Amino acid sequence: MDAKLQGFIDKLNKLNFKEMYENDFFLTWEKTDDEIEAVFTVADALRHMRENNISTKIFESGLGISLFRDNSTRTRFSFASACNLLGLEVQDLDEKKSQIAHGETVRETANMISFMADVIGIRDDMYIGKGNKYMHDVVNAVTEGHRDGVLEQKPTLVNLQCDIDHPTQCMADMLHIIHEFGGAENLKGKKLAMSWAYSPSYGKPLSVPQGVIGLMTRFGMDVVLAHPEGYDVMPECEEVARKNAKASGGSFTKTSSMAEAFKDADIVYPKSWAPFAAMEKRTDLYGEGDFDGIDKLEKELLAQNAEHKDWCCTEELMKTTKDGKALYLHCLPADINDVSCKDGEVEASVFDRYRVPLYKEASFKPYIIAAMIFLAKEKDPAAVLKALAERGTARHF
Amino acid sequence: MDAKLQGFIDKLNKLNFKEMYENDFFLTWEKTDDEIEAVFTVADALRHMRENNISTKIFESGLGISLFRDNSTRTRFSFASACNLLGLEVQDLDEKKSQIAHGETVRETANMISFMADVIGIRDDMYIGKGNKYMHDVVNAVTEGHRDGVLEQKPTLVNLQCDIDHPTQCMADMLHIIHEFGGAENLKGKKLAMSWAYSPSYGKPLSVPQGVIGLMTRFGMDVVLAHPEGYDVMPECEEVARKNAKASGGSFTKTSSMAEAFKDADIVYPKSWAPFAAMEKRTDLYGEGDFDGIDKLEKELLAQNAEHKDWCCTEELMKTTKDGKALYLHCLPADINDVSCKDGEVEASVFDRYRVPLYKEASFKPYIIAAMIFLAKEKDPAAVLKALAERGTARHF
Amino acid sequence: MDAKLQGFIDKLNKLNFKEMYENDFFLTWEKTDDEIEAVFTVADALRHMRENNISTKIFESGLGISLFRDNSTRTRFSFASACNLLGLEVQDLDEKKSQIAHGETVRETANMISFMADVIGIRDDMYIGKGNKYMHDVVNAVTEGHRDGVLEQKPTLVNLQCDIDHPTQCMADMLHIIHEFGGAENLKGKKLAMSWAYSPSYGKPLSVPQGVIGLMTRFGMDVVLAHPEGYDVMPECEEVARKNAKASGGSFTKTSSMAEAFKDADIVYPKSWAPFAAMEKRTDLYGEGDFDGIDKLEKELLAQNAEHKDWCCTEELMKTTKDGKALYLHCLPADINDVSCKDGEVEASVFDRYRVPLYKEASFKPYIIAAMIFLAKEKDPAAVLKALAERGTARHF
């Protein structure tokens, strides 16, 4: 076995992540530091093996079920890639083609699609208090189904974005940071600015900023959350960030000045989102079936957004960051000035300069998802990686 | 090889099912008793092997084509699971995304999609006289295509529900019954009630009740078909049921009283369906393109349905069954009182008590489909099962 | 190894096609004669191996991305079959389910879907000057992504039909001709008529006639392009045809008489298309967002088409071909008189007589696509074919 792979295996053998076996992945802050590190390590190991043409297929057959309740390109393809890498065939649950409207329950659907499912990936991020709850309902249903002998295996859930967190995105972002800075050990004292930015489109989910402050505070960094007044994220997530920062020896602060956040920052993540209070109101209106109310709310919010067009990641702002060259992050697609819209989240020249690192950032997502599945499905992941290397099946003959 | 698998192989070796090789599966009553038993046996064997982590992939490559002309969750996922279990990749023929509207014929489409297809699964249940005929047109086309050297292999057809029968559903139901009663040999003299039940939705297919009376009468049971006046099923199916009952030493009777049907029943299957005469009328209106007429007919039928709200599987009725605990069956999703509708097919407490067995009932469908494919694709299925066990490839590495 | 496969390998070893490795397939006339012959040879070899139950899976995992910007049955299934034959799982990029509308660029999307993609197949044939350009944009993006370390592999592009050429179709047509005439060496001096034919539907792409005159002129045949006045194809494609004919010792001529084209023809390909000038006009209107203008243009064109209902492949015309039995070709689906429309491209009795060869013509497409992928992905395709034969894994266990 090559030394690099042996290094990953050695690292895994020092971590305690046995609770991940036959478990699920909802929120990063429900996982221990060791578990988070195990995901990064397995992701790096799987990537390394694929780069060296070693097949990591651990399934001869089996399904990976995907359910997207919002449009998706990169997460859809990342999930498909991850499943394929491990040997699972993706079967999309398209609610429009199903009989779900016939009134069957979540409990029933979850079991009906899972007879041969090893993984279920769900994106459900549109309404506060709904997406994460739905995922738990699904997991409870299949756990019960497995216990009752209905399902031969309990499929593992991978949260592909909920109303609270976007763990596969934020962990891909984080693994990108780790690689760019040459290791997690180099992050202590680094400043990361998670900043709101203007977008002409309304209602972007909160899960990215929430996920970022919930995860990036675990590495001893000084994490600043910046947004105009009224654009708060969920208070629970801020609480998580505060606790994490304390535990990791970093800090978590808030500001309503983008300039302050960017000042001397090592990493910036300027991105639009909707205010939490507005998202809650929208959820209520949705519950009441008040679609006129939702339209009206959206118009108000767009008007409110438009007051903050100055929240843009400009060249000028970038100059104020550490040595003028902070690492720029985005989950993509970004709203780029004069490209995808007139005024947006970022100036075109800034975006262009960071295009390659941005694409690399995205490239970690399939491996993060594959690692989450791998860790849930293998009792001894280190041993399986070793066995795969010894099996030595070529990915490309 | 383990004793259980050897038992399945020994059983297969005693049955005559050689006509199934390179054949199709349209209606259960076109198959001999030995052939039906072969399907159950292979289904059990494949399940046993999967439970013991033995890969049953018999295809390195190949497609399983699915065509759903009606929404579907569980049959879609069952077909996908079955194909995947055997190594076939599902390719869905979405008629909206195809050029079929350009005026190509069934003969042409069937050949064009089949160059590398080993299986075609079709659901087409909406119009009397159409679905089964369509499936035969497809099979005739690919049989001709294979004979003429167009197709290297003749894909096997699996009827995923037509206007006459729902063989994969009814055989899953039946295998569930066999398991619950500890073997087909214990079914003689048992009473099974296939009963109409009220549903607020119009136009449920007849294929389930027709398939149930066509199949369940082959095991020496006393099968009772109960429905309000006017809710007859196809006369040909009743005729099949009568002949089967006679041959198996059971009985087939009809009643217009749900109470009479449930009295002392060992098994009950209360489910809504549309009257055959109305379905025929709808088919005629459809043929004439009279969509206003169809709307009007649907309203009349809903009104007619509403006169029979008392046809519900209540706790009270269940008490009248054998020892008050008949096995409750449903193909799902059920219309559950105060859950999916106000008044429906079954009281919530009854449904809840049977939830686990209902889900188990559904769990047989992927294996039934896989067994149908297996028997059509392997000349000597018993030998192949043995060879797979000896190959010993793990499903999950 | 069997002699036939050895023959294909020997033939490959005499050809120079090393430029195809890690390259793409846009237009047939961008490929050398050796490269075209290599595609035919690998297609025949893969088919031979599949017919002899030898697995040609060269990928353990990997995705084949498809993007269809126009409806498709046979090309969709051909691409899916080809990918599956080589071990790639198809993942369809459905632009309606993606976030592409959010304003992301082609460059970004191309990279985001390609992290584990070995192939991208695109059909984009609706607007002059757009489809081929789009494919180049995608290839440039992934080439850059690969160079920049974003993508571990550069996916190969297969043109599944653009505004200029339909290479997978025309090469399948051509391989069919080669098989029907017993080898490319028998085609010198044969007459092929690519003729316009009437269809009641407007706006069929020009890529088939353009592709046919661009490819079939390379084999020493006398290729005649026939169409009513005003139905010209792209001048650049005619230029290609002229040059090819000259180089191959054949000829390329034009006529506005279907009768003249069919006279003594060995091969006829009567098919409707829209006039190039009209397609250009439509593209302009589309660019201006003038959908009323497009509607109006379509009506004018339908009226114009209707003046040429006599351009039909009749029995009478077929009698004037070589011995009255020219090989009739069509890419399917055809507009058949009194079958798919009142007046169309071909009389029903003609179409029926050629049904089997027509279906065989179509059957080459999956293998042509697989060969294009194979040649782009293998550095030494002859050696890999040999290794696959020696590996001897059964496609169907």
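## How the copies are related

Copies are superposed here by least squares on the C-alpha atoms of residues with pLDDT of at least 70 in both. The model is predicted. On that basis, chain A is superposed on chain C by a rotation of 120°, with 0.0 Å of shift along the axis and an RMSD of 0.0 Å. In chain A, E89(A) has the C-alpha nearest the axis, 4.6 Å from it.

Chain B goes onto chain C by a rotation of 120° as well, again with 0.0 Å of shift along the axis and an RMSD of 0.0 Å. That is the relation of a three-fold axis. Of the residues of chain B, E89(B) comes closest to the rotation axis, with its C-alpha at 4.6 Å.

## Chain A on its own

Chain A holds 16 helices and 9 strands. Its radius of gyration is 21 Å, close to the 21 Å that the globule rule gives for 397 residues, so chain A is as compact as a globular protein of that length. Along the principal axes, the C-alpha trace of chain A spans about 55 × 55 × 40 Å.

How much of chain A counts as buried? The share is 57% of its 397 residues. Contacts across the sequence were also counted. Among contacts in chain A between residues at least 6 apart in sequence, 83% join residues at least 24 apart.

## Two domains in chain A

The domain assignment splits chain A in two. Domain 1 covers 3-164 + 365-391, and domain 2 covers 170-362. Domain 1 of chain A is thus written as two segments, on either side of domain 2 in the numbering. The centres of the two domains of chain A, taken over C-alpha atoms, are separated by 26 Å.

The domains of chain A touch through 18 residues of domain 1 and 22 residues of domain 2. On the domain 1 side, α2 (33-51) and α15 (365-377) of chain A each supply at least two residues. The largest share of that side, 4 residues, comes from α2(A). By class, the domain 1 side has 9 nonpolar, 3 polar and 6 charged residues.

## Where chain A meets chain C

This contact takes 31 residues from chain A and 27 residues from chain C. Three helices of chain A each supply at least two residues of its side: α2, α3 (74-86) and α14 (355-363). Helix α3(A) gives the largest share, 6 residues. The chain A side divides into 12 nonpolar, 11 polar and 8 charged residues.

Helix α2 of chain A therefore appears at two contacts: it supplies residues to the side that touches chain C, and to the side of domain 1 that touches domain 2. The copies use different surfaces, with 3% of the contact residues of chain A recurring in chain C.

## Where chain B meets chain C

Here 27 residues of chain B are in contact with 31 residues of chain C. The elements of chain B that give two or more residues to this side are β2 (89-92) and α4 (106-112). Helix α4(B) gives the most, with 4 residues. By class, the side of chain B has 10 nonpolar, 10 polar and 7 charged residues.

Do chains B and C meet through the same or different surfaces? Only 4% of the interface residues of chain B are also interface residues in chain C, so the copies meet through different surfaces.

Notes: Residues numbered from 1 in each chain as written. Chains lettered and ligands numbered in written order. Predicted model: local features only at pLDDT ≥ 70, side-chain atom pairs only at ≥ 80, totals over all residues. Contact = placed C-beta atoms within 7 Å. Nonpolar A, V, L, I, M, F, W, Y, C, P; charged D, E, K, R; others polar. Domains from an automatic or database assignment. Rg over C-alpha atoms; globule rule 2.2 N^0.38 Å. Buried ≥ 20, exposed ≤ 12 C-beta atoms within 10 Å, placed from the backbone.
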